[in-house]
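Got the viewer open? Here is a short tour of what to select, stop by stop, and what you'll find there.

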Amino acid sequence: MDVELVEVADFLRRHAPFADLPGPLLNRLVQQSRIRYHRRGTVLYRHGEPNNSLHVVRSGGVDLNGADGVLVERVEPGGSFGTSSLLAQTASAVTVTAIEDTLVVVFPGDVVRQVAEDDATFAAHYTSTAQKRLQGANRHNLSRGGISMGREPSLSRTVESILGRAPVTASSEVSIQQAAATMSEHRVSALLLVDDDGHLEGIVTDRDLRSKVVAAGADTSAPVRTIMTADPVTTTPHTRAFEVLLEMTGRNFHHLPVVADGRPIGLVSSGDVMRLERSHPISLTSQINRQTTVAGVAEVARRIPGVVATYSDQHVSADEITRLLSTLADSLTRKLIALVEAEIGPAPQPWCWVAMGSQARHEQGLASDQDHAIITADTTDDDGWFAELAARVVDGLEACGQPRCAGDAMATNPRWRVSLAQWRRQFSQWIQQPGSEQVLHAQIFFDMRVVHGETSLLDDLRQAVVTQAAGNQRFLGHMAAMAVERTPPLGFFKGFVLEKGGEHADTFDIKAGGLHGVIELARVHALANGVVEVGTTDRLVAVAHVGGLSQEGAEELVEAFEFLSHVRLTHQAAQVRAGEGPDNHVRPDLLTGFEQRHLKEAFGVVSAAQKALAQRYQTHLMN
Amino acid sequence: MAWWFSAAAKRERLAGKLSPGPLRDFVLAAVPAPETPVADLRLLAIDLETTGLDPASDRLLSVGFVEVDGDEVVVGSARHVVIRQDQEGSVGDSATIHGLTDDALGQGRSEQEAVTTTLAALAGRVLLAHHADVEVGFLSAACRRLWGAEPLFEVVDTMQLQYRLLSRERDTDPPRGALRLWGACDQYNLPRHAAHNALSDALSCAELYLAQVQQPGAGGTLKSLRP
């Protein structure tokens, strides 16, 4: 008898390790499965109690807490738990609590063990997990033993071969604040904590700082070991990349410490491993670079949304994906410029092509349009070459799926194709005479990044702009007024405010009402504090560093920004998969309860930061 | 004398009038007592797709069902039976709602086979459905057509249960939409199923039931779940 409940089978097939399970084995599991519901706050089973089932979260989520009450893992939809006690046939090492109303699919232990016997990959997924949890020790043999799955040659590489720099570590005795400072300094999102002998004791991630410190209002002078995940799941230098990938996607981990002889020798991220896959967007870059015609470049570019849409499903952070899209946009631009230069000859003088707006901030989405400009070293008597180049590159980018800028902020516009000296005058005018209308149109010009050509031209310009802007309260006031104008779509009673009618009825605009709020806040604060960073997250971190925002306030905005970006990308990826054009109009009723709650929190953070900014610059007094 | 009016007695009297067959077997199976605790209750979540809402004139197109034992949905018990349409006429526009085309329906099983399978699965269980009047009405009409009598069904209706749970918390009637299957599922953070057919709706109904009986005030016995 076939599995009749295709919904359950389809759901499982989207998640490791079920994704690779042969049909008959998956059917056997589904046939024997049960579905249970647990209200928020319910304890499913406790530490020390027996458990003889594999559980997969269908909707909602659960927390696994160790005997000491410390959070070991948060399991979200598609993730599983119960395997350690099930396979080792021991009492549970954790207490499992539903953190929201949760539906789980439950598989009896007998069937799971049978299937594990018949399928080595399935077994490896869980035995490695179980053993790591139980022993946390070095396990060369397991990771080397009897697995021959490696469809992608690169994924059968060992962890050792993809390890980058030495891991950033700190003593577990340092304070939470010191740990966070170390992470900021090294720009890492995870910190490994070691004892005096250099043995791994725990890990702390950005997520921990959010959920266990900021959200919980914890004292940041407390030792970091109070919030770290102790004895984290680790991997060995000889483990194969695909096993690590399964491990991380199955458990929703973004980081896995690599340990040899008890000492951490590196940290692999989900991004590291995913980049090994042939279908990964990063390989599109090399394909773009191989093209010899505009049509060829456009052909590769048209595959970008589909590939990225697939990746947005796989626990890659929104930050990684928008960075990737921006990098791909850079590659397209550079390739198109190179193709045009090959035809019309080299530039008559030093110059650079500058990306503006989201591409400059490394925050490009799937629906971003073109924003760019040209800076030349000297006043251009020979504008013809640059005009020709701009026209061709803009056509090329359009063929690649990037619409022209509606506001004509493009290098084809003679106003935005001028010399360094003219750019300086333009910025001085914006800053000295900030009529609201002027500043409105000039906003994206404060987000610039060189994609091709002489980087020093923009460096000079940026330094001049930042110095002028930082001291000009009137200009900053106008920028602040712009930043607080569009408030998040959150109603008085904490409901979403939706469009009432028209094409986008029952949706809200996540860009105008949410993401842009954070972007503009970060821009004002950066300009006010002389910060030259361009990315929104980079700006917020740098502003907090110089004291322009509280550490906590900046972290909250960074988290809100990441979450809003995530919701937008998921929305756009779904549209791309459905063959629709991506946009920013999100329907809240299609989000999970979990997402809705977090979205409201994120909007609340933006709204509070806007109020604080309005207060500081007294924006209500401005015209 | 009280026994004469009990459900068991009614069933025995009905069985006495029936010739041996699927309906008689169903009628004779023991039904859970009203005092059965919810934790021990055995139910069958059923959803029917039909050409319309009138059991007298509209036809059954498909049946989906899945067992609920206590606080668990028994996934392996799920069945989806499409019913062959021998009569003249096409399902026409109703195909846009249930997604069953004339072609799919031409390859199904007979109504008698489908109802027999359903009754066998339902024997000894409570019929669980969202707006159960439709399921009870169509199954009764089919039994009358096939075997000349209508059985008694022990019923729990998730829509009525939802109405009670929501009305308890406020003075006014629940908002429109909150009682519909998807609206109710959303309130308990339950997943939406991609497909819309008799079986996926039966599964949603079963999942909704699991959530409802865990709400405060839902009641602890079969009796307390009934209107």
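**Stop 1: where the chains meet**

Start by selecting A:Arg34 and B:Val74: the two stand opposite each other, with B:Val74 sitting in E3(B). Keep in mind as you look around that this is a predicted model. Now widen the selection to strand E1 of chain A, residues 34-38, and to E3(B): two bridges join them, and the strands run antiparallel.

**Stop 2: the sheet across both chains**

What order do the nine strands of the open sheet follow? Colour them one by one and read off E6(A)-E3(A)-E8(A)-E1(A)-E3(B)-E2(B)-E1(B)-E4(B)-E5(B), with mixed pairing. At the edges you'll find strand E6 of chain A (80-81) and strand E5 of chain B (155-157), each of which pairs on one side only. If you like to draw the hydrogen bonds, remember that strands of a sheet pair through those of the backbone, either parallel or antiparallel.

**Stop 3: the chain A edge**

Stay with E6(A) and add strand E3 of chain A, residues 53-59: the two run antiparallel and are joined by two bridges. For a landmark, pick A:Val56, which stands opposite A:Ser80 in E6(A). Next, show helix H4 of chain A, residues 109-118. Helix H4 lies across E3 and E8 (102-108) of chain A, and runs at about 65 degrees to E8(A).

**Stop 4: the contact from chain B's side**

Select the whole contact now: 21 residues come from chain A and 23 from chain B. On the side of chain B that touches chain A, strand E3 (72-82) and helix H10 (198-213) each supply at least two residues. Which element gives the most to that side? E3(B) does, with eight residues. Colour this side of chain B by class and you get 13 nonpolar, six polar and four charged residues.

**Stop 5: zoom out on chain A**

Show chain A as a cartoon, and you have 25 helices and 20 strands on screen. The chain has 623 residues, of which 48% count as buried. Switch to a contact map, keeping separations of 6 or more: residues 24 or more positions apart account for 73% of those contacts in chain A.

**Last stop: colour by pLDDT**

Chain A averages a pLDDT of 81, and 86% of its residues score at least 70. Then select residues 130-153 of chain A, where the pLDDT is below 50. In the model this stretch has 43 contacts beyond near neighbours in sequence. Go easy here: where pLDDT is low, the predicted coordinates should not be read in detail.

Methods. Residues numbered from 1 in each chain as written. Chains lettered and ligands numbered in written order. Predicted model: local features only at pLDDT ≥ 70, side-chain atom pairs only at ≥ 80, totals over all residues. Pairing = 2+ DSSP bridges. Helix = DSSP H or I, 4+ residues; strand = E, 2+ residues; numbered from the N terminus. Contact = placed C-beta atoms within 7 Å. Axes fitted to C-alpha atoms, helices over the stretch in contact; angles between N-to-C directions. pLDDT = per-residue confidence, 0-100. Nonpolar A, V, L, I, M, F, W, Y, C, P; charged D, E, K, R; others polar. Buried ≥ 20, exposed ≤ 12 C-beta atoms within 10 Å, placed from the backbone.
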